[in-house]
Amino acid sequence: MTMSDDTRLAMQGTIEALTAGDGSEPVVVNLGPQHPSTHGVFRLKVTLDGEIVQDAEMRIGYLHRSMEKLAEERSYTQNIPFTDRIDYLAAMSNNLAYCLAAEELLGVEVPPRAQAIRVMFAELQRVASHAMANGTFINDCGAWHTPLFHMFRDRERVLDMFEMTCGARLTTNYMRIGGVAFDLPDQLLPTLEQFLADMPENIANYEALLLENEILHARARGVGVISPEMAINSSLSGPVLRATGVPWDLRKANPYCGYESYEFDVPVGEQGDCFDRFLVRMTEVKQSLRILRQVVDTLPDGPYLADVPLHARPEPGESYARVESPRGELGFYLVSDGGPAPYRFHCRPPSLINLSALKEMSIGGTLADAIVTLGSIDIVVGEIDR
Amino acid sequence: MTDLAGLSSVLGTWYDFRDLNNLQRLITEWIADWGPDWLASIITGVLGALGILGVIGPTLLILIWVERKVIARFQQRYGPNRVGPKGLLQPVADAVKLILKEQLAPRAADKLIFFLPPVLIFIPGVLIWGVLPFGPRMSVADLNVGVLFLLAVSGTAVLVIFMAGWSSNNKYALLGAMRAVAMSISYEVPMVLALLTLVVFSGTMSINGIVQWQQQEDVIFILLFPLSAIAFFFAASAELNRTPADISEAESEIVAGYHTEYSGMRFGLFYAVELGNTLVVSAFIATFFLGGWWLWGLDQWVPSWIILLAKTGAVYFLLIWTRGTLPRLRVDQLMGFCWKALVPATLLFVVVAFVQRTLLISEGWDTTVALPIMAVFNIALSLGAIMLFARVARPAPLRRPARIRMAGADIGGLRAAREVAARREEPQLQVGGD
C-alpha cells in the first residue's frame with residue numbers, strides 16, 4: 001500500500017466519521033514526530049471525539065542514540081560528555097549526577113570548593129532550564145513567543161556564564177570525577193553578582209505580565225490535574241510532583257554536594273494542575289537565586305579537583321546517585337566489574353517517568369488541553385530516548 | 001459644527017490632495033466631453049479599484065515590516081534588519097522567496113477545490129475596501145446599505161477557508177477549518193449587533209453616513225457605546241484569526257490550521273490576505289467608532305485620508321499589542337465568551353440605543369445636552385456589565401486562588417503533603433481568585 005492510499009484510507013475514516021451523524025467515529029490525530037508543540041521528536045497519537053481527547057498514545061524512540069550501551073565501551077571519564085547529551089537543557093545537572101555515581105563507586109572525596117562550584121552551576125542550570133520550561137509552556141498556551149523571548153534573555157546570561165567558565169554553552173562537560181574541570185574564571189563572580197542583582201526585577205516583570213493574566217488562568221487552571229496519590233504511584237518527581245502538594249525535593253530529602261548547609265524552601269502547589277506546575281517553577285527560580293546568593297557569599301578556597309586517575313578502575317560493585325534536576329529525580333546507576341569501563345550504565349530520566357502520566361492527565365480534556373499539559377510536564381526528548 | 005458646503009467650495013482644484021476625489025472628477029468630466037456616459041463610469045470604477053490596489057499592496061509590504069519590528073521590540077529583539085535599510089526590504093525578499101518556492105499539493109487532495117481558495121480569498125478581502133470612506137466623498141462605492149455590504153462580503157471568506165481546509169485532505173487542516181467555521185459564524189453575531197447599535201443610533205446604514213453623523217454631533221461612537229466598540233474589536237480580532245483568538249490556525253495545536261498544506265506563494269496569498277484583512281478591519285474600527293476621516297475640524301487642514309490612516313495605525317498597533325502579549329483561548333472558552341458575554345452585552349446596547357434614539361427623536365431631547373449624559377450613562381453601564389460578567393460568569397476553577405506554599409523542612413510523601421496543606425500560615429504566592 002502506498003503512502004497516499006494510506007492517507008486516503010485515514011481520510012476516508014475522517015469523512016465517514018463526520019458525515020455519519022449518530023454513528024460517528026473518533027478521529028486519530030498524530031501530534032509529531034514533527035509538530036510545533038512536541039519539544040523534539042516525540043509522537044503523541046490522540047484519539048479525538050470532536051475536540052475531546054478519548055485516548056492518548058505516546059510513541060517514543062525517535063531520538064534514541066543508544067547512550068547506555070555506548071557508555072559500556074568508554075572509560076568513566078569519557079562518559080561525562082555523553083551525559084550532556086542526555087538532557088541537553090540541563091547538562092550541568094546530568095554531569096553532576098553521573099559524577100556523583102562514579103565518585104561513589106571510586107570512593108573519591110570531593111574538595112569543598114568543588115562542591116560549592118557544583119551547587120552554583122546546578123542552580124544556574126535550574127534557572128536556565130526553568131526559564132525555558134516556563135517560556136515554552138506559555139507558548140503552548142498560545143502566546144506569540146513574547147514571554148519565551150523574555151525568559152530566554154535570562155537563560156542567555158546563564159549560558160554566557162557557562163561559556164566563560166568551561167567554553168561550552170549547552171553541552172558543558174564541566175564536572176569531573178572528583179570535582180570540576182576548571183576553576184572559576186576571574187570575571188565569573190562579578191557577572192554572577194550582576195545577574196543576581198538583575199533577576200528579581202526580571203522575575204517581577206514576568207509575574208506582572210503572567211500571574212494575573214486571565215487567559216493564562218483560563219487555559220492552565222484545572223487542566224491536566226493529577227492527584228498526589230496518583231503522582232506518587234506513578235513515581236513522578238520534580239515540579240510535576242510538587243505541584244500536587246507533595247513536598248519532595250532530593251536537595252532536602254537526600255542532600256548532596258552540601259545542600260544541607262544552604263537555606264532554601266521547597267515550594268509546593270495545591271491543585272496539581274498545569275498552572276501550579278508553572279507557579280512552582282517560577283517560585284523555584286527565586287529559591288535557586290537564594291541558594292546562589294549563599295554560595296557566592298560562602299565560596300571556600302582550595303583545590304577544585306581531587307586527585308583522581310584519569311582512567312580509574314573501580315573495584316567491582318555498584319552505585320546509584322541521584323540529584324534533583326530541573327525536571328525531577330535524575331539518577332545514574334553504575335555497575336563495575338573491575339574494568340576501565342562501566343559494566344552497566346543506567347540513567348533514570350525524570351522526563352520519561354513524568355511523561356508516563358500524560359495519558360492520565362489528558363484524557364477527557366480537549367486537544368488544546370493535552371498540548372498545554374505536555375508543555376507543563378517539561379519533557380526533554382533526549383532524556384526520554386537517550 | 002463643520003459646514004460641509006463651505007468645505008466643498010474650498011475644494012475642487014485637482015491639486016487639492018485633501019480630497020483625491022477631485023482628480024477623479026476632473027477625469028470624468030474630461031471624458032464626458034467627448035465620450036459616452038458608460039465609458040466614464042467604467043473608467044472611474046477601474047481607477048478607483050486600481051487606486052485601492054495601489055494603496056493596499058505597498059501598504060501591506062510596509063505593514064509586514066512594521067508588525068515584525070513591533071513584535072520584535074516586544075520580545076527584546078531587533079527584528080528584520082538585514083535586507084535593505086533597517087530591513088525594510090525583508091517583506092519583498094520574503095515574497096520573492098515564496099514565489100520561487102515549489103507549489104506542493106497533497107496527492108490525495110481535491111485538486112480544483114485545493115487550487116481555488118488562495119485566489120478566491122482575495123475577492124472579499126479586496127471588495128471590502130470598496131465601501132471604506134477615505135474622505136467625505138472618497139469611497140469607491142458609497143452604498144446606502146454599506147454596513148450590510150460589509151457584513152455580507154466579510155462573511156463569505158469563511159466559505160473559502162472551509163474549501164481550503166476540506167480539500168487539503170489533512171486532519172490539521174480539517175480541524176482548523178471546522179474551528180474557523182464555528183468561530184466565524186458565532187462571532188458574526190456580536191459583530192452585527194455592535195454595528196446594529198450604530199445603525200439604530202445614527203439612523204443610517206451608509207458607512208459614510210455614520211461618519212458624518214459623528215461629525216455633525218461632534219462625538220465619536222466609542223464614547224457613546226464603549227462596550228460595543230470593545231465587542232467589535234474582539235469579534236473582529238477573532239474573525240481575523242489573531243491571538244488571543246487564533247484557534248483556527250493555532251500553531252502549537254494544529255500546526256497552521258486550514259492552510260497547513262499550502263506552500264510557496266499559495267501560502268503567501270493567504271498570509272497577505274490575512275494581513276490585508278487586519279488592516280481593513282482596523283480601518284473599519286477607526287471609521288465606525290473613532291470618527292473615521294473626521295477629527296474635530298482637523299480634517300479641513302489635513303487630508304482626510306491621512307487622518308483615517310493615522311487612526312487605522314493606532315488600532316492596528318492595538319491589534320499587534322494584543323497579539324504580542326496574550327496567550328490563546330481554548331475553542332470552547334472562545335465560543336463561550338462569544339455567546340455568554342459578547343452577544344448579551346451587544347444586545348443590551350442595541351436596546352439602549354433604541355431607547356436613547358427614541359428619546360432624541362420622539363421626545364426631542366437636545367443633543368448637545370443629552371449626548372454627554374448618555375455617554376456617561378453608557379460608560380457606567382459598560383463598566384457595570386464587565387464587572388458583573390467577571391463576577392457571575394467566571395468558571396468555577398478560576399474563582400479559587402492558586403496558592404504556592406513553602407514546605408521548609410517538611411519533606412516526604414502524602415503525610416507531609418497534608419501537614420504542609422494544613423498549616424495555618426499564609427501561602428507564599430497567591431494569584432487569581434475573586
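Two strands are taken to pair if DSSP finds at least two bridges between them; helices (H or I, at least four residues) and strands (E, at least two) are DSSP runs numbered from the N terminus. The structure is a predicted model, in which local features need pLDDT of at least 70 and side-chain atom pairs count only at pLDDT 80 or more, whereas totals for chains, interfaces and linings use all residues. Residues are numbered from 1 along each chain as its sequence is written, with chains lettered from A and ligands numbered from 1 in the order in which they are written.

Within chain A, strand S7 (residues 317-325) and strand S8 (residues 328-336) run antiparallel and are joined by 9 bridges. Arg322(A) stands opposite Gly331(A) in S8(A), and a hairpin of 2 residues connects S7(A) to S8(A).

A further sheet draws on both chains. Its 3 strands form an open, antiparallel arrangement in the order S6(A)-S1(B)-S2(B). Strand S6 (267-268) of chain A and strand S2 (429-431) of chain B each have a single partner strand and stand at the edges, so one side of each is left without a neighbour in the sheet. Helix H12 (residues 274-297) of chain A packs on this sheet, touching S6 of chain A and S1 and S2 of chain B, and its direction makes about 40° with that of S1(B). Here, contact requires C-beta atoms, placed from the backbone, to lie within 7 Å; axes are lines fitted to C-alpha atoms, for helices over the stretch in contact, and angles run from 0 to 180 degrees between N-to-C directions. Between S6(A) and strand S1 (residues 402-406) of chain B there are 2 bridges. Pro267(A) stands opposite Met406(B), while Val268(A) has Arg405(B) as its bridge partner.

The contact between the chains takes 59 residues from chain A and 51 residues from chain B. On the side of chain A that touches chain B, the residues divide into 28 nonpolar, 18 polar and 13 charged (Ala, Val, Leu, Ile, Met, Phe, Trp, Tyr, Cys and Pro count as nonpolar, Asp, Glu, Lys and Arg as charged, and the others, Gly among them, as polar).

In chain B, the axes of helix H12 (residues 226-239) and helix H14 (residues 264-289) come within 11 Å and cross at roughly 170°. H12(B) is therefore roughly antiparallel to H14(B), a term applied to angles over 145 degrees. Ala229(B), Phe232(B), Phe233(B) and Ala236(B) of H12(B) make the contact with Val281(B), Ile285(B) and Phe289(B) of H14(B); by class, this contact has 7 nonpolar, no polar and no charged residues.

Conventions. Two residues are in contact if their C-beta atoms, placed from the backbone, lie within 7 Å. Angles under 35 degrees count as roughly parallel, over 145 as roughly antiparallel, 65 to 115 as roughly perpendicular and the rest as oblique.
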